[in-house]
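Please open the model in your viewer and keep the sequence panel at hand. The tour proceeds from the whole chain to a single hairpin and then to a group of side chains.

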Amino acid sequence: FADYVGNNFFNTHGNLRIDGRVGIQVLEFESGDVLHLTGKAQLAQVKTDNLQFPDTGRRVRVSIETIAHAPASMPFEFSFLEFSPMLPGR
């Protein structure tokens, strides 16, 4: 994933330099499914001149080690309002 204004991952990059373990939880709001990923992260610099969205060129690459899928396990109901204005390309 990229580092761009609005996602506030800059502090996360410093933490990953010290300890590369990551956990990512993905919620599927319509179905209530939860996907939990764990793995190791590496920080990388990429050229920014050919990117779809301009950013800092910093990337986090995650090597997934475990995957846990919990269907319909989220006990809340949500409805989509709008995309965040901080998302690139929106």
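**The whole chain**

Among contacts between residues at least 6 apart in sequence, 53% join residues at least 24 apart. Please bear in mind that this is a predicted model. Begin with the whole protein selected and colour it by secondary structure: one helix and three strands should appear, in the order α-β-β-β from the N terminus. Next, switch to a surface view. The protein exposes about 7100 Å², of which carbon and sulfur atoms supply 55%. Of its 90 residues, 19% count as buried.

**The hairpin of strand 1 and strand 2**

Select residues 21-28, which are strand 1, and 33-45, which are strand 2. These two strands pair in the antiparallel sense over eight bridges. To follow the pairing at one position, display V26 and find L35 of strand 2, which stands opposite. Then move to the turn, where four residues lie between the strands. Within this hairpin, select G32, whose phi is positive, near 85°.

**From the loop to the surface patch**

Remain in the loop between strand 1 and strand 2 and select F29. Is this side chain buried, exposed or partly exposed? F29 is partly exposed, because its relative accessible area of 42% falls between the limits of 20% for buried and 50% for exposed. Now add L27, F76 and F78 to the selection: together with F29 they form a nonpolar patch on the surface. The accessible area of these four residues together is about 400 Å².

Notes: Residues numbered from 1 in each chain as written. Predicted model: local features only at pLDDT ≥ 70, side-chain atom pairs only at ≥ 80, totals over all residues. Heavy atoms only, no water. Patch = residues over 30% accessible without salt bridge, like charges linked within 9 Å, V, L, I, M, F, W, Y side chains within 5 Å. Areas by Shrake-Rupley, 256 points an atom, 1.4 Å probe, with all protein chains shown as cover. Salt bridge = Lys/Arg side-chain N within 4 Å of Asp/Glu carboxyl O. Buried < 20%, exposed > 50% of the residue type's maximum accessible area, 1.4 Å probe, protein only. Contact = heavy atoms within 4.5 Å. Pairing = 2+ DSSP bridges.
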